[in-house]
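Colleague: I'm new to this one. Could you walk me through it step by step?

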Amino acid sequence: MWNAGFGPGLREDLADHRVYQGLDPVAQGRDPIVDDAVVSGALTWSTVLSLPFALERLVPRIAAAADGDPGAPA
């Protein structure tokens with residue numbers, strides 16, 4: 001799980017990094033990236049209220065990435 005939420009272009013910058021490109025989950029299309037500003041903010045603040053909010057939105061994406069099906073959207 002990568003958090004690229006607040007900065008425009010962060011997702012593209014991440015995709016350009018050689019280390020990132022060499023990761024198996026990236027090659028398999030199972031690399032969920034948080035690019036929603038609200039969810040990113042909830043993760044960044046990490047409060048007792050914001051973390052359950054973020055997890056509610058992220059668990060389905062994490063499950064999709066971990067299901068072993070590279071065709072499933074993460």
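Modeller: Gladly! One term to begin with: the bend at a residue is the angle between two axes, one fitted to the seven residues ending there and the other to the seven starting there. Keep in mind that this is a predicted model.

Colleague: Where does helix 5 bend, and by how much?

Modeller: With that angle in hand, we can look along helix 5, which covers residues 50-66. A proline, Pro-60, follows the bend within four residues. The bend itself is about 40°, and its place is Leu-58.

Colleague: What span should helix 5 have, and how far apart are its end C-alpha atoms?

Modeller: Helix 5 has 17 residues, and at 1.5 Å a residue the expected span is 24 Å. The end C-alpha atoms agree with this, as their separation is 24 Å.

Colleague: Which elements do the buried residues of helix 5 pack against?

Modeller: Buried here means under 20% relative accessible area. In helix 5 that picks out Ser-50, Ala-54, Leu-58, Ala-64 and Ala-65. Leu-58, the site of the bend, is thus among the buried residues. Their packing partners are strand 2 (33-34) and helix 4 (37-45).

Colleague: In what order do the elements of the chain run?

Modeller: The chain holds 5 helices and 2 strands. Reading from the N terminus on, the order is β-α-α-α-β-α-α.

Colleague: And what share of the residues in the chain is buried?

Modeller: The chain has 74 residues, and its C-alpha atoms fill a box of roughly 35 × 25 × 15 Å along the principal axes. It exposes about 4,900 Å². The buried share of its residues is 24%.

Definitions and conventions: Residues are numbered from 1 along each chain as its sequence is written. This is a predicted model: local features need pLDDT of at least 70, side-chain atom pairs count only at pLDDT 80 or more; totals for chains, interfaces and linings use all residues. Side-chain values use heavy atoms; hydrogens and water are left out. Buried means under 20% relative accessible area, exposed over 50%, partly exposed in between (1.4 Å probe, protein chains only). Accessible areas come from the Shrake-Rupley method with a 1.4 Å probe; for residues, only the protein chains shown count as cover. The expected span of a helix is 1.5 Å times one less than its number of residues. Contact means heavy atoms within 4.5 Å.
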